[in-house]
Amino acid sequence: MATLPTIEFVSRDATPEGVMVVLAGKAGVLADDIDAQVKALVEKAAKVAKFRGKSLATLDLLAPGEVAVDRLLVVGTHSDKALVEEDWLKIGGVIAAKTKGAETVTVRCERPAGESVSAEEAATLAVGATLRTYDFDLYKTKKPKKDEEPDDPDAVTRIAIAVEDPDAARAAYHVAEAVAAGTVLARDLVNEPANTLGPVEFADRIAELDEHGLEVEILTEKEMRDLKMDALLGVAQGSPRPPRLAIMRWNGGDEGEAPIAFVGKGVVFDTGGISIKPSASMDEMKGDMGGAAAVTGLMRALAGRKAKVNAIGIVGLVENAVDGNAQRPGDIVKAMSGTTIEVLNTDAEGRLVLADALWYCQDRFKPKFMIDLATLTGAIIVALGNHHAGLFSNNDELAERLTAAGKTSGEKVWRLPLAPEYDKLIEGKFADIKNIGGGRAAGSVTAAQFLQRFVNDVPWAHLDIAGTAMGSPSNEYNQSWASGFGVRLLNQLVADHYQSR
């Protein structure tokens, strides 16, 4: 994979090297203490290029006159609204994109008109640069032409961010970097091909997180069978690759305090089973474990920043394959809760995995709340496209907090309804419930209604991330097919409301 940049924080009077980046406000105005020669160059170039300092607009000057740097990059920050966290991520992403391949980049993190850049904003800018640099190229081979030196656009770039208080910025970045690492981990897992990342391999990757202080427990097929997790096991039975249930625990809060819990769908590849999917784009079903990847990345983030909270992460890891032993349409399975389920469509498998994972979570850990993440339905993409995840919840406070965290982090959610009228659509003919509703209508809603049967009385939210976890539109800080959606959203939720200070 591409090498991520080295981030440093230096004082404002540090001598700029390589590419110098300055931030401009309205009409291209720079901060007062920027060097007069730099100001004069920018003023002249801005006039010619009609650069107005609009947010994320850039002005690039090569070999800039008497200024002792290779390039001078001006990045606009002017907006009619106050800049929020995602704006600083985007600014960092633009800087990384425009300086790709440079050995050293010095960012003068100052704004005009006496507006200061906080340590947290500088740290977020650095995270944006890191996330933009991410590129999953693990399986590419580079073959330079004979007798030519290969270009190395992925050489390690040193980004020195000049700020008023470097120590405060370093402390803020220590926290932000852990969240970035969790996002990168989630992207890696989703981008990995299914032939190298099956349920066992995924569980092995999770087990390695104990080096960050997580307690990890892996349940095998035998242990799940003893627990009567027949809904999850029914999905796995068509694959020769055995299922796993991975449990991650972070104990950063007060001893004995009830944990918060996150549950992820981890279908490492989804053929649809006997209700097989069309071949077009089936390769993308390696990403059907985006929910499990997000939960894993979140737990890595919480441990990395030593969050003062007790948290549980649970992921059900299976492959939904086709062979003579695969689950059939019309089969009836009994979930761990004792609920019987009529399987009318084997491609509605994620909810079967989550049914047992959710019940196990609430039964064993008695959490304050549970949030599940799943690439669950194509219907959510029809409803919301690729810019919002679908949010369903039995608790208004939890839903409102998730919505607010989405606006802050830029990983946005939109709430959709749960209601008894929809619940009737999943009542079974031969079993308690069926795993699909009655036709195409409200497909995401009926999936959420199904999951609600397995949360008991615990406050709960379901995030359908089918449109946001993979293949979503790229932006200034994400050019990857896998976005890592959910890590920053849920970390924001925890930081805002659930950790002790």
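Which residues does Thr99 touch, not counting residues up to four places away in sequence? The first legend takes that up; keep in mind that everything here comes from a predicted model.

**View 1. Thr99 and the residues around it.**
Thr99 sits in the loop between helix H2 (85-98) and strand S5 (104-108). Setting aside residues up to four places away in sequence, Thr99 touches Val19, Val21, Arg71, Leu73 and Val105. There's also a polar partner to look for: a polar atom of the Thr99 side chain lies 2.6 Å from the backbone oxygen of Ile95. Thr99 has a relative accessible area of 2%, so it counts as buried.

**View 2. The largest nonpolar core and one of its residues, Leu493.**
This core has 59 residues. Those that touch the most other members are Phe202, Phe262, Ile371, Leu463, Leu490 and Leu493. Helix H8 (residues 290-304) gives the most to this core, chipping in nine residues. Now zoom in on Leu493: leaving out neighbours within four places in sequence, Leu493 is in contact with Phe369, Ile371, Leu398, Arg401, Leu402, Ala405 and Tyr498. There's a second, separate core too, with 43 residues, including Met224, Leu232, Leu354 and Phe365. As a bit of background, nonpolar side chains in soluble globular proteins tend to be buried together.

**View 3. A nonpolar patch on the surface.**
Not every nonpolar side chain is tucked away, and here's a spot to see that: Ile274, Ile276 and Val322 form a nonpolar patch on the surface. Together they have about 260 Å² of accessible area. To find Val322, look in the loop between strand S10 (310-320) and strand S11 (331-334). Val322 has a relative accessible area of 43%, so it counts as partly exposed.

**View 4. Glu164 and Arg12, a salt bridge within a network.**
A search of the whole structure turns up 24 salt bridges, and Glu164 with Arg12 is one of these pairs. Their closest N and O atoms are 3.9 Å apart. The two residues come from distant parts of the chain, 152 residues apart: Glu164 is in the loop between strand S6 (158-163) and helix H4 (166-191), while Arg12 is in the loop between strand S1 (6-11) and strand S2 (19-24). Glu164 is exposed, with a relative accessible area of 60%, whereas Arg12 is partly exposed at 27%. Widen the view a little and you'll find a network of salt bridges linking Arg12, Asp33, Arg108, Glu110 and Glu164.

**View 5. Arg241 paired with Glu319.**
Here the closest N and O atoms of the salt bridge between Arg241 and Glu319 are 3.4 Å apart. This pair also links distant parts of the chain, 78 residues apart, with Arg241 in the loop between helix H7 (230-236) and strand S8 (244-251) and Glu319 in strand S10. Glu319 has 12% relative accessibility, so it counts as buried.

**View 6. Lys265 and Asp288, a salt bridge with buried partners.**
Lys265 forms a salt bridge with Asp288, their closest N and O atoms being 3.0 Å apart. Lys265 is in strand S9 (residues 260-270), and Asp288 is in the loop between S9 and H8, 23 residues apart. Is each partner buried or exposed? Lys265 is buried, at 2% relative accessibility, and Asp288 is buried as well, at 3%. In general, side chains of opposite charge can pair when their charged atoms come close.

Definitions and conventions: Residues are numbered from 1 along each chain as its sequence is written. This is a predicted model: local features need pLDDT of at least 70, side-chain atom pairs count only at pLDDT 80 or more; totals for chains, interfaces and linings use all residues. Side-chain values use heavy atoms; hydrogens and water are left out. Helices (H or I, at least four residues) and strands (E, at least two) are DSSP runs, numbered from the N terminus. Buried means under 20% relative accessible area, exposed over 50%, partly exposed in between (1.4 Å probe, protein chains only). A polar contact is a pair of N or O atoms within 3.5 Å; within protein, one must be able to donate a hydrogen and the other to accept it, and residues adjacent in sequence count only if both atoms are side-chain atoms. Contact means heavy atoms within 4.5 Å. Patches are made of residues with over 30% relative accessible area and no salt bridge: like charges are joined within 9 Å, nonpolar side chains (Val, Leu, Ile, Met, Phe, Trp, Tyr) within 5 Å. Accessible areas come from the Shrake-Rupley method with a 1.4 Å probe; for residues, only the protein chains shown count as cover. A salt bridge is a side-chain nitrogen of Lys or Arg within 4 Å of a carboxyl oxygen of Asp or Glu. A nonpolar core is a set of buried Ala, Val, Leu, Ile, Met, Phe, Trp, Tyr and Cys residues joined through side-chain atoms within 4.5 Å.
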